[in-house]
Every structure is written in C-alpha cells, then in structure tokens.
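Dear colleague,

I am passing on the structure below, and my notes on it follow. Please read them with the structure open beside you.

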Amino acid sequence: MSIFLASVGFGLITSAVLAIAAIGFTLQFGVTDVLNLAFAAVMTAGAYVAYWVNVSGFSVWIGLLVAMAACSLLSVLLNVVVYTPFQRRGSSPITLVIVSLGMALIIEFGIEAKVGGIDVSYTMGQGRTFRVGGLILTTVQLVIIGISLVVMAGVHVLLKYSRLGKAMRATAANRTLARNCGIRTSRVITLTWALTGAMCGLAGTVFAIDIGSFGPTSPDLFLVLILAAVFLGGPGHAYGAMLGALLIGIATEVSAAFIAPDYKYVVAFVALLAMLAIRPAGLLGARA
Amino acid sequence: MYYVLNLLVYGAVDAMACLGLSQQFGIAGVTNFGFIIFQAAGAYAAAILSLPPDSANGGFQSYLGGWSLPFPIPWIGAAVAGALLALPFTFLVGRRLRGDFAAVGLLVTAVLVNLLVTDYRPFLNGDAGLAIVPSPLQGELNPGSTGYQWAYAAVVIALAGGVYWFVRRITESPYGRTLRAMRDNDRVADSLGKNLLSLRTAMLVTGGAIAGLSGGVLVGFINTWSPAAWTYAETIVLFAAVIIGGAGNHRGAVLGAVLVPLAFEEGSRFIPNSQNLPPNLIPSLQWVAIGLLIVAFLWFRPQGVLPERKRVIAMPGKAAASASTPAAVPGRAPPSAGQGVGVSVGQGDGVSAGQGAGVSVGQGDGVSAGQGARAHGAVLQAVDLSRDFGGVHAVSGVSLAVRPGTLTGLIGPNGAGKSTLLALLAGTDRPSAGKILYQGNDITGLPAYRRARIGLIRTFQLASEFKRLTVMENLLTAAPGHRGDSLRGAVAGRRYWRGDEAAMITRAEAILRRFGLTDLANSYAGDLSGGQRRLVEIMRALMTEPAVLLLDEPMAGVYPELARRIGTALTGLCREGMTILMVEHELAIMDEFCDPVVVMAEGSVLAQGTMAELRERTEVVEAYLVG
C-alpha cells in the first residue's frame, strides 16, 4: 500500500512536469501546425541555461526564469528562421517533421559538443519533507506541482478569456479564415512560439530539478512521454494534454513500482500506439 | 587493405538500406522513422539463427534461439524477420492516420524497442549485445583470410546490385507509378480505386525485408550486434542520405549511402584525435552536421543531388492523329497557346455544341432531346442521407435519384452541402445516417477505393493532380485492371505488363486528343495552369471508365471558353451512356448543359427540374440569388 502511494506521489510530480511540457507542445502544434520534435532539445537547452545561471552563484529559481526567457527566444527564432520559411514555401507537414528532427539533432548535439557527455545537477536544497496522507513530498516537489497548477490555470484563463487566447484558438481552427477576420495570425503565431517556448524552458528546468542529475540527451525519452500525453488527449488540445499528462505520469510511475523501473515507458508507448491506431483525435479530440 | 574491404562492405550494406528507405519514403511517401529497427531485426535474426545455443560458450551471453543453422539460412531469416516485423505496423499506415502522425508513431516505436532490448537481457543479451556471431561458412572457409573477405565484399555488392534491380523493377512499373501517385496525393489515389492500406503494407514489408537483409549481411561480417548500433538516430542518418542523394531516385539513394553514412562513420577516422579535444566533441559535431545537412538540403535542394527522373512516354498514335482528320477531334491548342504543334488549331473560336458533337453522336444543342428515350430508374440514389459535423448539419435528409445518361447539375449557395453530398456519394466521407444505392445495391459501407472500382468516380474541388507525375502518367495511373498495377505484376516484369501498358497509352491518347492536351502529355502536371489541371483531373477520371462521374466544380477557375468546351465534352460523354453529377456555380453552364438541375440549400434539396422550371420558382431564386 505504501509503495502504491509513494509511486502515486512520484506519478503526480512526473505528471506535473509532463503537463507543462505537453501543454506547450500541444499548443505549439495546434496553433502553428508544426509537430516540433525539437521540443525536448529546447527543453535541454533550458535546463542548461538554468544550470549556467546556477553555477554562476544564483539560485536555480532565478535560473528557471532566465531559462524561460532563453527558450522563449530560441523558439521564436526557430520559427522565424526555420519553420515559417518552410511553411511559406508550402512544404508538406512531413517535411516539417523531418526538419524539426534535424533541428533537434543540431540543438541537442550542439549542447553536447559544448558541455561534453557528463551529467550535471543543480546546487539547491530540497527543503522540508511533508507527509500528506501517506504521500511523501519535499518542498521542492510541492513547488513543482504548484507551478504546474499555475500553468494549467493560466492556460485555461488565456484560452477562455483573453483576446490572445481567443485569437490563438481561431488561428488553430482555420488560419486563413482567422486572417480574413482581421486577426493578425503571424503575430499570434509568434506570440504562441514565445509563450510555448517559455513553457518549454520551464518544463526543461523543472524536469532537471526533478530527475536530480541530467545530461544533454536526458530529455530524449521524456519526448516519448510528452508525445504519449499529447496524443492521448488529442493533438492540439490543451485540456487533453492536461488529462493525458496526468494519466501518463501516474501510469508510468505506478507501473515502474509494480513491474520494473526500466519498463515505465512501455505504458506510455502502448498508450500512444493504441491512440494512434484507434482514436488519432485523442480522448478529448472530438472538437477541432 | 582491411580498411578498404571494410569500406566496401559498409558501403554496400548502407546502399541496400538506403534503397529500401528510398523505396518507402521517396517513391511511396511512407515516412518510416523506425526504419533502423527493421535492420536490427534482420541482424538479430541472422545472429540467433547462426549462433549455437547460448549455453555453448560458457553462457557469457544469453539469447533466444541459437540454432547453429548453416549459411544461407541466417541471411534468408534476416530478410524474413524484417518483413514480418513490418506487419504489426500496418495499422499505422492505413487510410485514416496522417502521414506525420504515423511517422511519429514509428519514431517512438524505434526509441522504445531499442530501450526494451537494451534493458531486457535474456531476450538478446541486452546492452552488451551479441558477440562472436559466426561468419557465413566459417566451418568450411577461413573468415580471417583476405580471399574470404574479398569474396564477402563481392557477394554483398552483388546483393546490393540485386536490391537495386528489384526496387527499380518495382518503381518503373505501373505499380510504381501508383506508388508515386499515392505519395503525391493519397486521398485522390484512394478515390481512383487504389487500396492505400495494401500499397503501404507492401512497401513496409518489402522495405523491411531489404533492411533486414542488410542487417543480416552486416552482422555476418562484423560478428557482433548491440543496441548501440541501431539507435533511433541511425534512421536519421539514412534519411539524410536519401534526402541528400535524391529521394525518388534510386541512384541518388546509392550516392547518398556513399556520401553520408559512409563518410559519417568512416570519414571521422581521418580527423586527428588531439588530446586537447573533449572526448565527445567529434561525434557530437557529426550529429550537428547531419542535422544541418538535412535542413539545408530540404531548403536549398529538396530534390537532392540526383533528382527524380521524368518518365517521358512515347505516344505511337500522335503522329498519325495529327496527320489524319483533325475535324474528328475537338482540336484546339491547349490554353497555353504557342504550343500548337501536333493538333490542328484551325478550328476558329466558336464553341458551339457542334464541336463537341464530333466526339460521338449526332448534333443537337440541348441535351434534353435524347433523354426521354432513356431508361428511367436511378443509377445512383441517396436515401435520407445526413452528415453532421459537430452540431452543424452539412447534409440533412437528402434524397436524390440520378438517372442514367443524364448530366445532372447540383447548385446551391456556399455552405449548402454540395461538396459534402458529393463526398458522401463517392465514399470519401461517411454519412451520419441514410443510405446510398448504386445500380440497385447498397454501397453505404463501401470505402472510396472499392466504389471507384465499380465505376463510381469523383473529382475534387481543389486541384488534385499528381504533381510529380506527367499528364500522361496521371492518366495511366487511373487505368483500372492494369496487369502491371500490382506488386506481383511489377515483379513479373515489363514483358508481363507491356501489352496492357500499350493499350492504356492508346486510350489515354484518345482522351488527351478529345480534350486537346496531347502536347502537354509529357509535362509535369504540377507545372500546368489551373484550367489545364482541371482538365487533367477530368481526363484522369475518364480513364477509369466510370459509369457515374461525380464532378466537384470542374469549371471553377477555368476561363469561360474552356469551361464551355469541357461542358460540351461532358454532354458528349453522357450521350455515350455515362452518367454525370456535377456541382457548379456558373448558372450559364447549368443553362446550357445540365438537365435536370438539383438545387440545395442549408443541407437539403430545395428543388429539382430543368433550369427553365427552376427559374419560375421563387423560393429557388431567393435561396440562390439572395441567400
């Protein structure tokens, strides 16, 4: 029973990290039409930016903010310099996926070329340990869950109530029509990259905090979890990504506790393939 | 010397793999991001087929099988393993899933399979991988000798040559043409009667077999195989090779194999290994270089170093046609004039019905004349057909009967549900409720390609030509029952299908002449003007010898003269017995060519009759002209 609860605790943290990344990824895809496989590579970049800030003597939480800014900028650049020119030329979606894979290699191994293959970790305290009804969580873990909840609430408010959010939804539904309705879609798309890029940097840093030590290729497998969460909820669907992240995070950690730690990704993988096979639109994907 | 041998074997193995990938990705448009696991499957299969049981060597490695089977069984097993591994993935490449989603599925599969094999030791010795895999015939010959290694290289190069011959035979056949059509536009290929699932499955299986063979051959030479040799990123190297060499050109794939994987893996040996460099720097920069190469080539030269070759098809009938009576042809220069080579231009500008009449039957400016005599009853019937998108009732409760031999018009304001209705009838979309009858049979559940095969063909509102096929190839792709249009027929070779091919070319030529596009037969369809592309689409539909033709705004964006020429040709076809249902906005066209005309508004049929009758009815005039 306590193993189960402990694994649910781990699952909640994984879900929290995953939710930030999955929402970012799914918004990126939904609004900009780019299935950005370089997402995990940008996360890595964020984790390292936070690390460099951290080793210069600042708190990792400051590093986190810098990482968000850096990844936001990197994502905007990625779009302006690479993806948008390809889209403007009328490249097929599959060409863009291949391009994004190429960009993933460039970013990820560019980092590795700079930092080498050795894992690093942040200098930070874990804070007090709390026991909440059998769950054991540190302050840092609670903060991560808190950040994730704030992101989810923020995205909800953004999409539901703000002008930008509505413009994003309109652009996602039909870019041409949105432009004809007077929405400046290119600006909406740039803002989307900036926003999702910041989420990507946030996710990269809290991911690195959560796993303790990380290297340039650590988030590779995390991309599998992101994709699983995104496709479970329905690609392009923000609430679907939240649900997907919760399910995948808990399922992987519980299965890690009860089957074997090495196979925790199998659950995500099976979920992803099953969704692709049976319901590519996702659990919540009836809407566009 | 040893080094040169190594290069030859690696080069040939990479060439094989790239040919398999080029067949899948460059020809058939199946983006298999998991390609490397098929090579891995072949290597492991060859290894466990040739190794003794895992207890034999003191049990330092553990694996399944271990059958000590003699050469060439391990190599055959490698190809079979690669082919069999493809089968579970067929669900990813069916009609429903977007190509990029399927690619992501395959990528994730590759990552996960590698992880599982790495972590689960009893299966294939996990992370350490399999070592001391026997070389072929190592009992009889000495694998360490130079002679053996040269022979090995020669055999592998010969095998690569065989693979080249095989993929070329497929690609240059009518079946290969169908694959390229599917690559250019799968939805349209589907609507022309091509079974996408079976085409893509065939490509996954043959590509898998080739990849498997390449793995088996490789493991026989290097005698070891571990998960580090087939990480998902290796697939990207192969993709880089195919993209750089030229996707869609098998010679390009071979060139790419020499340029990329070989230079990537072997070239780095020539970089001086200075002590000052961090250990991971060179490999990391290699990956960065691969990424840069992919992106740069896709931007600056997407067709690769060796672009896809244009397949020019000689037309035996062309000279004869232009020499004989041009009056039998609605002969006009194609809209992009200045090309008026073969076909007579001297027809003047009048587009009277008389010109179209040359097509077949006698004169007559209206269509109604011959129609009374035709059989009644419907060839195509919609019964209470509905289609909802979320809360929107695009089509609601439409009942419609299309009489044989008519050119039925379908008009209505934007959003009336015309295109949706057409999609439902053709099977490219599924109704929420209702029934569709074709020649008296219920075809509601039949997929689009099966409907196409029984003579119910549609065209699309948006341009839907196969861009990287010539006009002639566009037409030939649609030809039904071609002997060469199956994997079996393709492998059987040109001699088996050339008779059919010649017959189809003759038919295509006749159609080209009818629409005055003979001179553009060997131009890429993607290079034509908008109007010409509409013509290609109609001609392509005619190649299927449809009984019922569903046209979605065939004259949209076509200049008026050409539009009337199309109309004339269509009425001619109806006189020959074809039934046509046509969505059109231009009332003048409806006036001149269509009878009866069906008016739709807000998802329902509002009225039907001749245009003259419809003009009398105020609700129609209001819906169409005001609404």
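Helices here are DSSP runs (H or I, at least four residues), numbered from the N terminus. The structure is a predicted model, in which local features need pLDDT of at least 70 and side-chain atom pairs count only at pLDDT 80 or more, while totals for chains, interfaces and linings use all residues. Residues are numbered from 1 along each chain as its sequence is written, chains are lettered from A in the order in which they are written, and side-chain values use heavy atoms, without hydrogens and water.

Turning to the second largest pocket (on a 1 Å grid over the protein atoms alone, an open set of points where a 1.4 Å probe fits, with protein on both sides within 12 Å along at least five of seven lines), its lining, meaning residues with an atom within 4 Å of a point, comprises 30 residues, and A:Thr217, A:Asp220, B:Val111, B:Thr231 and B:Tyr232 lie nearest its centre. At least two lining residues come from each of helix 2 (39-55), helix 4 (93-115) and helix 9 (219-233) of chain A, and likewise from helix 4 (99-119) and helix 10 (232-245) of chain B; helix 4 of chain B gives the most, with six residues.

Elsewhere, a search of the whole structure finds 20 aromatic pairs over all chains (rings of Phe, Tyr and Trp, the last by its six-membered ring, with centres within 6.5 Å; planes under 30 degrees apart are stacked, over 60 edge-to-face, the rest tilted). The rings of A:Phe25 and A:Phe39 have centres 5.6 Å apart and planes at 75°, so this pair is edge-to-face. It links distant parts of the chain, A:Phe25 lying in helix 1 (residues 2-32) of chain A and A:Phe39 in helix 2 of chain A, 14 residues apart.

Best regards
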